[in-house]
Amino acid sequence: MMMIPPLSMLAPLVLLAVAAMAAAQPGRRPGHLPRLSELAALASLALALGGAAQLVAFGPVRVALPDTGAGFALGLDALSATMTVLVAFIGWVVMRYARTYLDGEAREGLFHGLMLAALAAVLVLVQAANLPVMILAFVAVGIALRHLLLFYPERPAARRAAAKFSIVWHAGDLALLAATGLLASAFGTVDLAALATAGSAAAAQGALPATAHLAVAALVLAAMLKTAAFPLHGWLTEVMEAPTPVSALLHAGIINGGGYLLIRTADVVQASPGGMAALVMLGGLTALFGAVVMLTQSAIKTALAWSTVAQMGFMLLQCGLGLWPLALLHIVAHSMYKAHAFLGSGGAVRAVAGLKRPGPVAVPDIGAVMKSFALALLLYGAVATLFSLAAGPKSPQALALGAMLIFGVAYLVAQGLADAAPAALTRRTGLAALGAALAYFTFQQVAGALWGAQLPPVPVAGPLEWALIVLAVASFGLVAFAQALFPLWAHHPATAGLRVHLANGLYLNALLDRLIGGFRAPASR
Amino acid sequence: MYLKHDQITPARLSGIVDAAAHAVPPAFPLDATVAVNPFLGQSDEDLATASARLARVAGAPLTPPRATHAAAMAEGRITDADLLAALDASTAPDKPADLAALKTAAQQGGAPAKSLPTLAELAMAETGTDWPSIIDRTFGLWAAGQFDRGQALWTPAPGRDAYAAWRTWASYDLTPEIAGLAGFCAHAADAPDTPDRAILRASDRLGLTEDAAGSVFHRLLMDLGGWAQHGRWLSWQAELAGGTDDTPAQLLAIRLVWEEALLAHAPQIGAQWADTLAAHARPVVPSADQAVDAILQEAAERAHQRRLAAALVGATEAAPTRPALQAAFCIDVRSEVFRRALESQDPAIETIGFAGFFGLPLAHTAHGSDVVEAHLPVLLNPAMHSTSHGTAQGEHTARIAARATRAWGRFRQAAVSSFAFVEAAGPVYGVKLLRDALGADKTAPGTPSPAPRLDPDPGPDAKAAAAAAALKAMSLARGHGRVVLLLGHGAQVTNNPHESAYHCGACGGHTGEVSARLLAALLNDPEVRAALPAHGVDVPADTLFLAGLHDTTTDAVTLYRDAAAPDHAEDTRRIARWLKRAGAAARAERAARLPGATAQDIAARAVNWAELRPEWGLAGCAAFIAAPRAATAGVDLGGRAFLHSYDWRADDGFGTLELILTAPVVVASWISLQYYGSAVAPVAFGGGTKLIHNVVGGIGVVQGNGGKLRPGLPWQAVHDGDALAHDPLRLSVMIEAPQDRITAILERHPDVRALFDNGWMHLFALEDGQVAARYRPGLTWAAEAAVCSGPGRAA
């Protein structure tokens with residue numbers, strides 16, 4: 001038994017202590033506060049790593065205040081440790097960035113305080129051991145983020161974005177509250193570990209009470225609202241009104257909350273085939289929708305926001321397929337990538353200027369694209385066989401997901417197969433494709449090893465699951481194929497209207513604006 | 001039709017549209033941006049008149065708040081004498097009667113600049129729907145795609161004119177209809193098929209008269225912000241190449257189609273619109289308040305001139321011995337600090353100031369690149385072609401690497417493959433985050449590219465002619481030291497969309513590396529050296545020309561040892577030592593001005609990806625001095641003066657003087673006025689806060705989610721958080737040359753003369769390094785009393 005509590009649970013306290021100091025210095029150039037903020041974030045990263053070390057050394061722990069088991073309970077296990085380290089790492093990078101970036105702002109001190117508070121709330125969220133703590137943390141994140149989105153309150157667009165965010169986010173909180181009540185009535189507990197046990201028992205019996213089905217529906221709804229899934233994704237594509245570090249924290253730390261909620265309640269969610277099917281369909285739709293809209297966006301941060309919509313949809317799809325460790329892997333990988341992409345978005349001018357330098361892009365024709373798909377599937381077959389031999393057979397869901405991803409790799413191969421592409425380029429893209437396939441399977445293996453034990457196994461595919469698998473693979477394959485042939489049709493007059501509608505995100509945001517008065521003249525104008 | 005009016009004829013209208021388009025300044029894309037005078041279209045008017053015009057069409061103030069001047073008066077920085085002189089010089093009919101009246105006015109608030117409303121604004125007030133911001137959003141989304149240079153994978157069909165492309169877009173875009181403007185898609189689809197006809201029809205429907213139309217068009221173009229200015233840049237480029245381009249008129253047509261629709265949507269605003277038109281039709285006359293603002297601004301400039309004149313105490317004795325090092329710098333104000341620091345290292349060091357393209361008008365293709373970049377002031381057309389291409393094998397390797405990287409980038413961006421990218425490569429970004437957070441990416445400076453060369457090679461005689469012309473223009477035809485250092489400049493910055501704004505404006509927003517290396521290579525070429533005397537230039541056989549690049553963020557100098565120079569090995573080592581020490585001194589001086597900087601950590605700003613103020617660029621620029629260095633040597637000009645080396649006694653026929661007045665002086669005025677505009681009218685002419693910049697289309701930035709493109713300098717480039725880092729002053733040009741020669745040149749160049757006559761710059765003649773006379777509008781001069789030097793020499 002361990003005498004000291006997990007260090008990672010102290011991380012939010014450190015952050016809040018410095019956040020409290022910000023209240024005294026909310027203004028410009030608040031002395032040592034920016035440096036202290038970064039140090040606090042660094043300390044919380046160290047504590048998170050310490051917690052992970054304790055997990056390895058002593059195993060999972062649950063700590064509750066008061067010591068009755070209920071109330072404010074935090075847990076340390078493989079899932080929470082992963083997320084705590086991830087969020088603390090991103091948090092440190094973002095706070096270090098903000099130390100320089102915010103220098104000289106009129107509300108500099110306040111910014112650091114709010115960021116630290118948001119970060120602390122996310123760290124509580126990912127360590128929550130029961131649903132009430134999670135709800136509290138979600139609400140706190142929402143409040144802090146709303147204030148951050150209003151960092152320039154004089155901007156009408158910022159006020160509009162903050163209003164949309166608050167509505168959707170707190171609607172998610174209400175959905176989670178409802179889910180919590182329903183779960184309590186179905187299973188008599190709101191503790192995450194107890195729910196996991198009860199959920200897997202119910203799944204084994206094959207019968208979930210009706211209230212539990214409703215609870216899963218509410219959980220799925222909450223997750224979809226919080227991950228900006230179609231059709232209420234609009235709030236996420238407008239939050240560039242806040243300084244860049246906010247976007248980085250939001251897209252890399254906060255947006256994951258919904259996915260993490262599902263992963264934490266995976267045993268219960270997986271017991272509801274309807275909930276899983278909804279995740280596959282809406283997640284898959286959101287993924288494709290977001291990815292296609294992203295193609296039309298000429299503003300870097302806006303394109304990145306649509307990319308987040310798509311990536312979160314893909315993560316929901318993975319959840320719906322029962323590939324829970326892969327969903328968590330996607331959260332980790334996406335967070336790192338997206339944090340970097342936002343913080344480095346100022347380099348876009350240089351990047352675009354560099355695009356034309358090495359000459360025109362070689363455009364693959366239909367033949368080359370067919371060939372690339374065949375090659376990619378061949379590559380996939382070889383790599384998948386290799387990994388199956390080494391690590392045991394894969395579920396149909398995992399194989400299907402791999403196929404979807406390999407369609408993407410085919411695009412890389414296709415670029416090297418274009419007639420105008422020299423052999424050296426073909427070699428390079430081929431190697432990159434091989435590298436991507438190997439890396440993908442390796443990370444999958446690692447994810448299974450790290451988190452598989454704590455998450456339910458992939459469900460046995462029945463008729464519903466198979467139908468969904470075929471639907472998903474077919475639609476991703478179709479979009480990937482169209483994408484590879486993209487230069488051949490994208491500028492055809494027949495697609496002009498499609499492009500306009502997609503660039504506008506199919507107007508869902510405009511409709512929401514109309515609904516909440518986002519088109520009204522601002523009072524101060 | 002609710003208004004009876006005389007329709008404007010198409011021929012007249014096209015002239016009015018053209019004039020309105022030229023009233024808007026061009027905004028250069030950020031990949032190679034240069035400063036532009038935001039008041040380019042108003043240079044035929046004085047400050048007060050331009051204030052009145054831009055207040056009307058943009059709501060932009062053209063002078064700092066009165067409180068700024070009042071504070072300067074209270075602190076004694078602006079004296080009664082300055083105020084009186086400015087008051088006397090003013091020709092405003094309703095100017096304050098006397099000094100006391102002026103001082104009283106300075107304590108009052110002044111009138112805020114308020115623009116005349118557009119129909120969108122009137123419709124907003126009437127219907128409660130925020131039409132201006134809906135136009136900003138929908139127009140911005142369309143324009144971002146239309147002018148995209150490859151940022152999005154799915155851009156609109158290329159090669160279509162803006163107006164035609166917009167009509168297609170708007171006939172599909174449902175956003176205006178969702179916002180409540182029923183039938184807008186049909187309205188756009190049914191709009192006239194050419195921009196000319198659209199403008200004609202809208203002019204009719206809006207009841208525009210000839211008197212009002214130009215002002216209304218200017219108002220609407222300003223309403224489009226940077227998009228109109230990007231359009232003006234497209235037409236600028238076309239005009240420079242001898243062609244035409246009517247993108248500004250096309251954008252105007254689009255905006256007018258909107259106005260038509262909103263007038264039809266809310267016809268009850270007709271009466272207000274008629275009043276607005278009447279206001280537009282009135283001639284632009286400055287108010288008494290604007291006249292006072294202009295006088296106070298002039299007083300602030302006179303105060304600066306007084307301090308500058310006091311610092312210029314006359315030419316120092318030139319060293320009689322041959323210099324060990326002659327270092328030629330760009331005239332850029334940032335060179336002034338470094339030149340002083342370098343000269344203080346050793347009396348045998350001499351420095352020279354010249355435009356950083358060193359007189360070579362280059363169109364250049366870089367290593368591994370097919371793109372031709374113009375490395376010259378944007379007023380000129382390239383006349384020479386150069387390349388840094390290496391061997392065929394080396395080029396091939398570089399291109400394959402770049403193309404593979406590009407293919408990987410498309411893999412990251414494209415639908416479906418972006419998911420595979422994140423799964424396969426996402427975790428690697430953890431390492432990248434760590435590396436960039438610590439500023440540990442050492443790949444940025446990289447190995448220098450292969451040495452540039454002229455391509456095609458024009459032959460030794462043509463090369464000698466070009467090299468000799470460059471040396472003569474630099475007043476360097478004779479008296480060369482053992483080493484002549486040609487220093488270009490550029491700024492190493494990380495993750496900064498405005499990177500090119502920190503580079504050399506004389507090199508078209510690129511670094512000066514190519515120009516400096518190419519001229520040094522020309523001058524070290526034995527064939528060229530042999531041909532130089534025929535072009536009237538004598539260079540001693542033992543003179544080595546050495547190229548370098550001054551990094552204005554870190555004050556480190558990279559030397560390019562392109563030519564083998566075994567005899568100069570010791571010289572080069574010594575020069576490297578001097579440069580290193582000078583860099584340390586310059587950093588120490590600059591650190592005092594940069595918030596949160598110390599001399600030790602200033603270089604780290606170059607690699608910090610969160611740094612918004614890597615250096616100050618040309619902020620603070622206030623003076624341009626063309627004189628022998630002896631006139632300014634040893635004077636601390638605070639990094640605020642462009643220094644152009646010029647010796648009129650060596651200028652046969654005053655060809656160099658004419659060049660200086662028509663090229664570097666004009667470019668300097670553009671820079672000074674861009675800083676001025678970005679500081680006093682940041683909403684109309686500034687780039688907005690960098691904290692919410694969103695790079696769009698590879699050409700510019702928008703704020704937050706989208707909307708207007710923002711031209712000009714970001715707020716962080718002119719403001720340090722506490723106060724403006726750029727004191728908005730119009731440039732004081734001081735030239736050591738006979739007054740009648742200057743007058744004669746101005747007479748031949750009415751555009752340049754207009755800049756001085758209308759007060760966009762001040763002009764002074766120097767004699768023996770001291771201010772002798774002030775230019776007065778109308779080609780006259782007024783003698784300036786010699787000023788006694790005060791205790792401090794700092795200007």
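Author: Two residues are in contact if their C-beta atoms, placed from the backbone, lie within 7 Å. The model here is predicted.

Reader: How many residues does each chain bring to the contact?

Author: In general, the size of an interface is often given as the accessible area lost when the parts come together. Counted by residues instead, chain A gives 98 and chain B gives 88. On the side of chain A that touches chain B, 56 residues are nonpolar, 26 are polar and 16 are charged.

Reader: What span does helix H13 of chain A reach, and what is expected?

Author: An α-helix has 3.6 residues a turn, so residues three or four places apart point the same way. H13(A) covers residues 300-320, and its 21 residues reach 30 Å from the first C-alpha to the last, close to the 30 Å expected at 1.5 Å a residue. Of its 21 residues, 21 are buried. Just after H13(A), Gly322(A) has a positive phi of about 85°.

Reader: Which residues point each way from strand E14 of chain B?

Author: A residue is buried if 20 or more other C-beta atoms lie within 10 Å of its own. In E14(B), residues 731-736, that holds for 6 of 6. Leu731(B), Val733(B) and Ile735(B) point one way, while Ser732(B), Met734(B) and Glu736(B) point the other way.

Reader: Which strands do bridges join to E14(B)?

Author: Strand E10(B), residues 623-627, runs parallel to E14(B) and is joined to it by 4 bridges; Ala623(B) has Ser732(B) as its bridge partner. Strand E15(B), residues 761-767, is also parallel to E14(B), with 6 bridges, and there Ile735(B) is partnered by Ala765(B).

Notes: Residues numbered from 1 in each chain as written. Chains lettered and ligands numbered in written order. Predicted model: local features only at pLDDT ≥ 70, side-chain atom pairs only at ≥ 80, totals over all residues. Helix = DSSP H or I, 4+ residues; strand = E, 2+ residues; numbered from the N terminus. Expected span 1.5 Å × (residues − 1). Buried ≥ 20, exposed ≤ 12 C-beta atoms within 10 Å, placed from the backbone. Nonpolar A, V, L, I, M, F, W, Y, C, P; charged D, E, K, R; others polar. Pairing = 2+ DSSP bridges.
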